[in-house]
Structure formats: structure tokens, C-alpha cells
Amino acid sequence: MHGSPVPVLALASAKDPDLILRAMRAGAREFVVLDGSHELARVVERLLKQGAKDGVGRVITVFSAKGGSGATFIAANLAGMLAEAGQRCVLVDLDLELGDVQVTLDLSGRMPISEVLRNMHRMDGELLRSSLARHASGVHVLSQVDHLEEAEQVKAPLVAPLLRFLATHFDYVVLDGLQGFGDLALAALDASDRILLVLSQTVPSLKNAQRCLELFRAFRYDGDKVRLVVNRYQKSDPIDVEAMVDSLGSPALGLVGNNYGVVTTAINQGLLMSESAPRSRITVDLRNLAATLVGKPLPEKQRSGFRSLFSSKKTTPDEPRVSAREAKEPPHGPHRATEST
Ligand SMILES: Nc1ncnc2c1ncn2[C@@H]1O[C@H](COP(=O)(O)OP(=O)(O)OP(=O)(O)O)[C@@H](O)[C@H]1O
Ligand SMILES: [Mg+2]
């Protein structure tokens, strides 16, 4: 009975300590005295609420307010950091034709989305994980780009069942590649637990973010579902980030600094920031963002060999450090790092 996914309640007519102990040892999760109060109803309600999320992963969509904002870069690095921190994580590319998640992680396709959809009913977690491409960080990747001939089989009504299936076998399902508000994108947005809206400090990006947020409100997504991530953040930018976030009226999850050279080098080599530039401030920002999502600090990636023995502890001074301050910021400011998904 121990470890059973079905919670067991012990019901008794009196509060007998000996009986309570025996019931708990036998695997009961709660001991309820039937004394005419509403205790039983309260306990069942609480267990139902817990059960709705117990053992089910979270679906996190990274959505660009404007093309080229850095959604793929952020999705890949967040997923990689979650995996490095020991979370079972799958990165899904829903840009079926031109998605670049695989290239960003220098992987080649294994089982495509269309095949997972066909075999979902007979796959367990083990088989699923061994069928997907896997990056050295531990993150699994699911894409369609190498199997374009079957792309039309990935239809909007299948997106929610696919995500539910993945969420039963992974702690985090990170989605990239959604464009606009077509049927496929809408199905994925609806099925997401959290949407990270990536924007930058430019007027077109701000305007598009405003439009996206208006639509999210029209879709009745609750206030907790959507969070802003400001990418390529520069303190010196004439567009003040606090004012920008305030004007959008949606809470920010974090800021990721700007360094074209460091980021492009990593992308072109198919490396994550934690591999390519582990001490970079962008890496610190991304780690803070990932920590905010899981609700606890993430350990730094361990490096092996001589390099780690001789490495400096200093952060590379490539851009102003921002997210390290997040934990001290108020809940709706752009620097937070303490809230879990
Ligand atoms: N924090 C950053 N600092 C500097 N450059 C960045 C940063 N993030 C992304 N970039 C640059 O922006 C480019 C676009 O990033 P990315 O492909 O992740 O955007 P995207 O939103 O996924 O774009 P698309 O709309 O094409 O899918 C990258 O190739 C990289 O050169
Ligand atoms: Mg992209």
C-alpha cells in the first residue's frame, strides 16, 4: 500500500492513538474521525486537489512576442538547465517544418511527433524516453523536422492528448516553435500550465506583447498562467524595463542579458550556455529563470577534469548582471526568482 498512487483514508469512530499509528503504518494518508463534522468532506476535497497535479509534469510554452526574440534560445537553455538539475524534461518543437530546436542542440531526429502520436497508447515512459533524441544535459527532444512527409498528421486536436501523455512521463514539457494563433498554437497554448512570453526592449516587441496579452485575456487564461521574460536586456536601453513591464500589466519572471557574441557562438556550436559559457552572466540569468520556474535554486553544472580544478569562480563580465537580484525583488517586478510554476 505504501507509495500507492491511490490515497488511502482511515475512518474511525474515535481518535485512538494506537489505531492512528497502525493505520498510518499500514499506508493510510489521512485518519478521519467520523464525528458528524465535515472533516471527511474537507479531507477528500484536499486530496482531490493534490491528486489533480500529483505525478503530472508541467507544460511550459515559450512564446515569442515577435519573431527572433530569442524563444528557441531560451526554451533550449531552460530545458537543458532543468535536465541538468535532475528534472525529467522534454523539449518539444511545434514548428513542424522549420523548427530549429534540433540544430540549436546539435542533435539529429529520432522518433518524430507523428510517430509518438501513432504509438502513444502502447508506449510506457521507458520506451518513450529511449525513442527520443537525448542531449548530453539529459534533456529529451521531440521534433518533426526530419520527417516532413508526416507533418500533416500532427493535427491540432491531437496536441492536448500528446502533451498530457508527455506530462505523465516527464516533470517538465517545454514547448517551442509556436507561431501566431493558428489552431495548432491555440491548442498548445490552451494545454499549457505556463506561458513565458519572450520580448525585448523595442517598440515593435512591446506592441506585439500587448496584443498577445490582450488575446490571452480574451482566452480567459488566468493571471497565473502568463509571465513575461525580457530577453537581450540592457540597463542602458532608453526603454526602461520596469516601465515596460508595468505598462503591460503582467508579471515578469526574469530578465536575460544581451551578448550577441557569446550567444551566437553557443548556438553555432550547438551548445547550451551552461556548456559553452558556464560563467557568463547570461548563463546566470537563465539559471535564475529556471530556478524561478521550479521554485528552488538550481545547482551549477558540475564540470569534470582539469578545467574545473583550475577554473575561476568569477562571472564573465559580458553584460550587466540582472537576475541575480531577482530573489529580493517584489512579486510583480521584472527580477523575481522565487515563485514555482
Ligand atoms: N540574450 C541574447 N543576447 C544576444 N543575442 C541573442 C540573445 N538571445 C537570442 N539572441 C540572438 O537572436 C537570434 C534569434 O534567437 P532565437 O532563434 O532563439 O529566436 P526565436 O524567437 O526563436 O526566433 P524565431 O521567431 O525565428 O523562432 C539568435 O540566433 C541569437 O543570435
Ligand atoms: Mg525559434
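A residue counts as partly exposed when its relative accessible area falls between the buried limit of under 20% and the exposed limit of over 50%. Keep that in mind for the stop at Gln210. One caution before you click around: this is a predicted model.

**Stop 1: colour by confidence.** The chain averages a pLDDT of 83, and 83% of the residues score at least 70. Now select residues 303-333, where the pLDDT is below 50. That stretch still has 63 contacts in the model beyond near neighbours in sequence. Next, pick residues 335-341: pLDDT stays under 50 here too, and the model has 39 contacts for them beyond four places in sequence. Where pLDDT is low, the predicted coordinates should not be read in detail, so let's move on.

**Stop 2: helix H8.** Select residues 183-190, which make up H8. Which of its residues are buried? Leu184, Ala185, Ala187, Ala188 and Leu189 are. Show what surrounds them: the buried residues of H8 pack against strands E3 (58-64), E7 (172-176) and E8 (194-199), and against helices H7 (156-169) and H9.

**Stop 3: H7 against H8.** Keep H8 on screen and add H7. Their axes are 8 Å apart and the helices pack at an angle of about 25°. Angles under 35 degrees count as roughly parallel, so that is how H7 and H8 lie to each other. The crossing is right-handed. For the contact itself, show side chains for Ala156, Val159 and Leu163 on H7, with Asp183, Leu184, Ala187 and Ala188 on H8. Six of these contact residues are nonpolar, none is polar and one is charged.

**Stop 4: H9 against H10.** Select residues 203-218 for H9 and residues 241-248 for H10. At what angle do H9 and H10 pack? The angle is about 30°, with the axes 10 Å apart. That makes H9 roughly parallel to H10. The crossing of H9 and H10 is right-handed. On H9, light up Leu206, Ala209, Gln210, Leu213 and Arg217; on H10, Met244, Ser247 and Leu248. Those residues of the H9–H10 contact divide into five nonpolar, two polar and one charged.

**Last stop: Gln210.** Zoom in on Gln210, which sits in helix H9 and is one of the residues in the contact with H10. Why is Gln210 called partly exposed? Because its relative accessible area is 29%. To finish, draw a distance between the C-alpha atoms of Gln210 and Gly249: it should read 9.2 Å, though the two residues are 39 apart along the chain.

Technical notes. Residues numbered from 1 in each chain as written. Chains lettered and ligands numbered in written order. Predicted model: local features only at pLDDT ≥ 70, side-chain atom pairs only at ≥ 80, totals over all residues. Heavy atoms only, no water. Axes fitted to C-alpha atoms, helices over the stretch in contact; angles between N-to-C directions. Helix = DSSP H or I, 4+ residues; strand = E, 2+ residues; numbered from the N terminus. Parallel < 35°, antiparallel > 145°, perpendicular 65-115°, else oblique. Left-handed = near helix turned anticlockwise from the far one by under 90°. Contact = heavy atoms within 4.5 Å. Nonpolar A, V, L, I, M, F, W, Y, C, P; charged D, E, K, R; others polar. pLDDT = per-residue confidence, 0-100. Buried < 20%, exposed > 50% of the residue type's maximum accessible area, 1.4 Å probe, protein only.
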